[in-house]
Amino acid sequence: MAQTAQLTIDGRSYQLPLLTGSEEERALDITGLRQQTGLITLDSGYGNTGSCRSAITFIDGEKGILRYRGYPIEELAAHSSFLEVAYLLIYGELPSEQQLTAFKNNVTCHTMIHEDLKHIYQAFPPDAHPMAPLSAVVSALSTFYQDALDPLNPEHVELAICRLLGKLPTIAAYAYKKSIGQPFIYPDDRLEYAANFLQMMFSVPPEPYQVDPELSHTLDQLFLVHADHEQNCSASTVRMVGSSRANLFASISAGISALWGPLHGGANQGVLEMLQRIADDGGNVEKYVALAKDKSSGFRLMGFGHRVYKNFDPRARMLKQECDIVLGKLGIEDPLLDIARRLEETALHDEYFIERKLYPNVDFYSGTIYRAMGFPLNMFPVLFAIGRLPGWIAQWKEMIEHHERIARPRQLYVGPQQRHYLPLDQRGS
Ligand code: SDX
């Protein structure tokens, strides 16, 4: 029997359906609230509001659980690969060997971009943040690939998915090469996904370049743990833009812009900038923990806290271990990593952080690994975008396949009540 909740307003009672998800999460269905009561709900930042039913990713913030299509992130990181996880997120099941081979081939054959697309990079100044050309070129893909724009045509969608997965690393690497005045390096389709990206990023024509297989594996793992995270800010943006039936390229371009913010995917860059600031200030970790607790300072510990995780972000735990492995392998003693460790230790024992359940999130350690691998700071959010692309695609595809209505939230109006136009000569000074 369907469960309901009773709501009493102005002496009248209303019954609202109670829904239960596959992990026993419960939700109050307010789809009919305004029609029944004339009221809306208000939930700034949507901390209490579910925007959809989704079968893609499950997070238990209290227990620090993250699963893609039911598979624990720890198992996928130990046994899977980024493209296999991309397939899982987008199509819902782990692929057979034949399906995975076909999927990899379909992605790999789309790694080049149209030569005319390169001209867009010339319009950007050398010091442009690479997230700007990334978003611009992804949006421009819709003008070069007009045979894959119809969100309701499965063949168009399939083609757009493979083109995006194939081209995003190329688009990203070209943004970096433009910023350092080096020639664009074409993709080499004999290489695996992450290795191909590394050679586009770091090889130069006059010299031979050998991808380090262990670093390529680490980067593949980093992409994998970033691949989806249910209804985060950028995924919700992709869903919202897609709900107007904008094409997939336009929706992903919007997601890239949302991810750029320092409170979201830009935090990995923010963490390193914060660690460097602490290092430049004598490594005084206690001073910056105190600053972070002082609301008037406007300073936050980047890489700390999360809307959903009120326990350790499982990805942070995994990346902390990966950090030790990568820096050990590269023989790097990174003073910023020592500061990061001291910062974490101090914050995790501080009442302010404990009572607010603020723990390191995915961004706290990822930047240290990226830096050790030679990526420049402003490429960190770009790396996050490459990793998150399959999740954005899966979320957009699920929204389209569920024929969801255009997203159009309501508001509580607090502006002036009706008033009438005053001619200029009757207005005060
Ligand atoms: C990502 O949503 C996702 O899933 C995102 C992500 C993904 O995979 O897509 O996980 C990736 O974006 C991770 C988060 C990266 N951002 C940062 O590291 C930036 C620093 N963190 C914060 O700005 C903050 O914690 C957020 C943005 C992550 C979460 O913000 P919320 O949920 O709106 O929390 P809040 O701002 O309401 O903070 C609650 C309290 C406040 O104190 P009080 O007003 O209760 O006294 O905690 C405090 C905040 O001041 N607080 C912090 C803090 N984060 C929260 N205080 C100091 N330092 C921090 N980092």
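In this predicted model, a polar backbone atom of Gly 303 lies 2.8 Å from an oxygen atom of the ligand. Side chains make similar approaches. Arg 300 places a side-chain N or O atom 2.8 Å from a ligand oxygen atom, and for Asn 361 the distance from a polar side-chain atom to an oxygen atom of the ligand is 3.0 Å. The ligand on its own would expose 1100 Å², of which the protein buries 78%.

The shell around the ligand can be described by its members. There are 24 residues around the ligand, and those that come nearest are His 229, His 306, Arg 307, Arg 315 and Arg 388. By class, the shell divides into 10 nonpolar residues, seven polar ones and seven charged ones.

A separate element to follow is strand E4, which spans residues 57-60. Strand E4 is covered on both of its faces. Thr 57 and Ile 59 are buried on one side, while Phe 58 and Asp 60 are buried on the other. The partner strand is E5, residues 65-68, which runs antiparallel to E4 and is joined to it by four bridges. Within this pairing, Thr 57 of E4 has Tyr 68 of E5 as its bridge partner. Thr 57 is thus a residue to look at twice: it is buried on one face of E4 and it is bridged to Tyr 68.

The connection between the two strands completes the picture. E4 and E5 form a hairpin, with four residues between them. In the turn, Gly 64 has a positive phi of about 65°.

Technical notes. Residues are numbered from 1 along each chain as its sequence is written. This is a predicted model: local features need pLDDT of at least 70, side-chain atom pairs count only at pLDDT 80 or more; totals for chains, interfaces and linings use all residues. Side-chain values use heavy atoms; hydrogens and water are left out. Buried means under 20% relative accessible area, exposed over 50%, partly exposed in between (1.4 Å probe, protein chains only). Two strands pair if DSSP finds at least two bridges between them. A residue is near a molecule or strand if one of its heavy atoms lies within 4 Å of it. A polar contact is a pair of N or O atoms within 3.5 Å; within protein, one must be able to donate a hydrogen and the other to accept it, and residues adjacent in sequence count only if both atoms are side-chain atoms. Accessible areas come from the Shrake-Rupley method with a 1.4 Å probe; for residues, only the protein chains shown count as cover. Ala, Val, Leu, Ile, Met, Phe, Trp, Tyr, Cys and Pro count as nonpolar, Asp, Glu, Lys and Arg as charged, and the others, Gly among them, as polar.
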